[in-house]
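This report introduces a predicted model to a reader who has not met it before. The text turns to a pocket and then to pairs of charged side chains.

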Amino acid sequence: MNAIELRHVTKNYSAFSLKDITLSLPSGCILGLVGENGAGKSTTIRLMLNAAARDAGEITVLGKDVRKKEFRRTKEEIGVVLDEAYYPEVINARNINLMMKHIYRNWKEDIFYAYLKRFALSEKKLIKEYSRGMKMKLAIAAALSHQPKLLILDEATSGLDPVIRDEILEIFNDFTREEDHSVLLSSHIVSDLEKISDYIAFLHQGSLVFCEEKDRLLEEYGILYTTNAVLPDIPEDAVAAKRRGKYSTELLVRRARLSGTFDVQPASLEDIMLFIAKKGERK
């Protein structure tokens, strides 16, 4: 079963449209959702949570149509961290524990306090005294403490220093060791997604450019540096995108369509996305 499935989903606003999005997150996997500011990542997440009404298409999360009444019960199995931790600033972590006990049937106080200790978060300090990074860690601790089957994380690692980010990513990775546990992680930090994701979905200007296995993408594409004089000798169907300079050209190429005579360098996820985003499409 897919933990998340979107089929031909469209959402129109006056100045922006999310257009015909089809993607899926297989159960037990991590899907990295990436795109520039305004690409539609947060809109896509709101639609998944039924926090915004889609104009067309179908969305199921943990096997339930998000528009159906029974999805309210399913939400208890989803841990959500948005790009801001929206907690009242005049309460502390102990207060949050008391509130969550009455919200989630499966809330585990011992797990919550264990994460507070692991993240070095004070139980008594008011939220207004927390830094942005501390607030994000608190939100992650809460999301992990009611036994969710799915984590939906919108920029959950933003504002965290590299050491803590790496620890958080390891927690997400450990989470998916359970076969029915899945993670959707939206982030601007492409290196984080490359490190832990099984699949990558790339949104650009409201359209889904691709949703594919990460390893397949990294295996398929490479970077080729060549002179403009040699450019006509390169098979056109091997070139996915190009950056042409005055004397040389940098190409994003499909490795399988080139002979071994070409010196193709590895391409990172960031390379692939920047090439395609600037071109606006993938051949």
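## The pocket and its lining

Strand 6 (78-81), helix 3 (93-103) and helix 5 (132-143) each contribute at least two residues to the lining of the largest pocket. This pocket has a volume of about 500 Å³, and its lining is made up of 21 residues, among which Ile-78, Val-80, Val-81, Leu-82 and Tyr-104 lie nearest the centre of the pocket. Sorted by class, the lining of the largest pocket comprises 17 nonpolar residues, together with 2 polar and 2 charged ones.

## Salt bridges

Side chains of opposite charge can pair when their charged atoms come close. In this predicted model there are 15 salt bridges, and the table sets out some of them with the distance between the closest N and O atoms.

| Acidic partner | Basic partner | N to O distance |
|---|---|---|
| Glu-5 | Arg-7 | 3.0 Å |
| Glu-58 | Arg-7 | 2.8 Å |
| Glu-250 | Arg-243 | 3.3 Å |

Which parts of the chain does the salt bridge between Glu-58 and Arg-7 tie together? Glu-58 forms a salt bridge with Arg-7, their closest N and O atoms being 2.8 Å apart. Because Glu-58 belongs to strand 4 (residues 56-61) while Arg-7 belongs to strand 1 (residues 2-12), the pair ties together parts that are 51 residues apart in sequence.

How far are these partners open to the surroundings? Glu-58 has a relative accessibility of 44% and counts as partly exposed, and Arg-7, at 27%, likewise counts as partly exposed. Glu-5, which also forms a salt bridge with Arg-7, is partly exposed as well, with a relative accessible area of 23%.

The salt bridge between Glu-250 and Arg-243 joins a buried residue to a partly exposed one. Glu-250 has a relative accessibility of 18%, and since buried means under 20% relative accessible area, this residue counts as buried. Arg-243, by contrast, reaches 30% relative accessibility and therefore counts as partly exposed. Elsewhere, salt bridges that share partners join Glu-5, Arg-7 and Glu-58 into one network, with Arg-7 forming a salt bridge both with Glu-5 and with Glu-58.

Terms used: Residues numbered from 1 in each chain as written. Predicted model: local features only at pLDDT ≥ 70, side-chain atom pairs only at ≥ 80, totals over all residues. Heavy atoms only, no water. 1 Å grid on protein atoms, 1.4 Å probe; cavity = no way out; pocket = protein on both sides within 12 Å on 5 of 7 lines; lining within 4 Å. Points joined across faces, edges and corners; volume = space filled by probe spheres on them. Helix = DSSP H or I, 4+ residues; strand = E, 2+ residues; numbered from the N terminus. Nonpolar A, V, L, I, M, F, W, Y, C, P; charged D, E, K, R; others polar. Salt bridge = Lys/Arg side-chain N within 4 Å of Asp/Glu carboxyl O. Buried < 20%, exposed > 50% of the residue type's maximum accessible area, 1.4 Å probe, protein only.
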